[in-house]
Amino acid sequence: MKRRILALLLAALFAVALCACGGTSDGENTDGQDTETVDNTKADLGDYHVEIGGAKLTKDYEGNPVIVVDFTWTNNSEDTQSALVALSGQAFQDGVSLESAIVGDNSVYDSNLNWKDIRPGTTVDGQYAFVLSSETSPVEFELSETFSFSDEMATAEFDPANLA
């Protein structure tokens, strides 16, 4: 019973954290010159090490285009933890956050990966899926620690036109 209450409280806290994750850009390049994009696909986020892998395209249950982003994470904490509780993934297109996707094809997206608890010192794969707003605009993906005041995150940019 205590475990169910804890799970419900964590789920509610996770939902509140996701709502609070929105924000605006600090500024834009308005001088017309290209700027170099830093691609920080590996990061130590508190007690977790993460590495963003590749991405692939699929469809959601309604036939909408979806990007699936793969990552690996290592639980370096002293507690058993799941990616669902420890990490927060967000994706943006044209500066607007993308909605999470519901994908039925388990050969492309395994929604259970993020739910699995892993022991300290263990490394496993995870995935996030997002409904695309455009099949041509780049997707910016950010992976951060869920409960942290740090700005540290792993980032990657994917061009849907170059994904299969």
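## From a hairpin turn to the edge of a sheet

In the hairpin that strands E1 and E2 make, two residues lie between the strands, and Gly46 takes a positive phi near 60°. The model in which this turn is seen is a predicted one, and the turn is a convenient place from which to begin a walk through it.

The two strands on either side of Gly46 are E1, which covers residues 42-45, and E2, which covers residues 48-59, and they pair in the antiparallel sense over four bridges. Within this pairing, Ala43 stands opposite Val50 in E2. For a reader new to such descriptions, it helps to recall that strands of a sheet pair through backbone hydrogen bonds, either parallel or antiparallel.

Before going further, it is useful to have the whole chain in view. The chain contains two helices and 10 strands, and when it is read along the sequence its pattern is α-β-β-β-β-α-β-β-β-β-β-β. Of its 164 residues, 35% count as buried.

From E1 and E2 the path leads on to strand E3, which spans residues 65-75 and pairs with E2 in the antiparallel sense over 10 bridges. E2 and E3 also form a hairpin, this time with five residues between the strands, and Gly63 in the turn has a positive phi of about 90°. Val50, which was introduced as the residue opposite Ala43, has a bridge partner in E3 as well, namely Trp73. Trp73 in turn stands opposite Val124 in E8, so that the reader can follow a line of partners from one strand to another. The strand reached in this way, E8, consists of residues 123-131, and nine bridges join it to E3 in an antiparallel arrangement.

How many of the 11 residues of E3 are buried? Nine of them are, and the strand is therefore described as mostly covered, where buried means under 20% relative accessible area. Asp70, which belongs to strand E3, does not fall into that class: Asp70 is partly exposed because its relative accessible area is 22%, which lies above the limit for a buried residue.

Asp70 also takes part in a contact between charged side chains. The structure holds one salt bridge, in which the side chains of Asp70 and Lys56 meet at 2.9 Å, N to O. The pair links distant parts of the chain, with Asp70 in strand E3 and Lys56 in strand E2, 14 residues apart. Lys56, like its partner, counts as partly exposed, in its case because its relative accessibility is 24%.

A further part of the model is an open sheet of four strands, arranged in the order E6-E5-E9-E10 with antiparallel pairing. Why is one side of E6 and of E10 left without a neighbour in the sheet? Strand E6, residues 96-97, and E10 stand at the edges and each has a single partner strand, so no strand of the sheet lies on the other side of either.

Within this sheet, E5 covers residues 87-93 and includes Gly89, which is buried because its relative accessible area is 12%. Gly89 and Ala129 are 40 residues apart in sequence, while their C-alpha atoms are 9.4 Å apart in space.

Strands E9 and E10 run antiparallel and are joined by six bridges. Glu140 is found in E9, which spans residues 139-145, and its bridge partner in E10 is Glu157. Both of these residues belong to a patch of negative charge on the surface, where Asp94, Glu140, Glu157 and Asp159 gather. Glu140 has a relative accessible area of 37% and is therefore partly exposed.

Between E9 and E10, the latter covering residues 153-158, runs a loop in which Ser148 has its place. Is Ser148 buried or partly exposed? Its relative accessible area is 29%, and so Ser148 is partly exposed. Ser148 and Leu87 are 61 residues apart in sequence, whereas the distance between them in space, C-alpha to C-alpha, is 9.8 Å.

Definitions and conventions
Residues are numbered from 1 along each chain as its sequence is written. This is a predicted model: local features need pLDDT of at least 70, side-chain atom pairs count only at pLDDT 80 or more; totals for chains, interfaces and linings use all residues. Side-chain values use heavy atoms; hydrogens and water are left out. Two strands pair if DSSP finds at least two bridges between them. Patches are made of residues with over 30% relative accessible area and no salt bridge: like charges are joined within 9 Å, nonpolar side chains (Val, Leu, Ile, Met, Phe, Trp, Tyr) within 5 Å. Accessible areas come from the Shrake-Rupley method with a 1.4 Å probe; for residues, only the protein chains shown count as cover. A salt bridge is a side-chain nitrogen of Lys or Arg within 4 Å of a carboxyl oxygen of Asp or Glu. Lys and Arg count as positive and Asp and Glu as negative; His and the chain ends are not counted. The place of a charge is taken as NZ of Lys, CZ of Arg, CG of Asp or CD of Glu. Buried means under 20% relative accessible area, exposed over 50%, partly exposed in between (1.4 Å probe, protein chains only).
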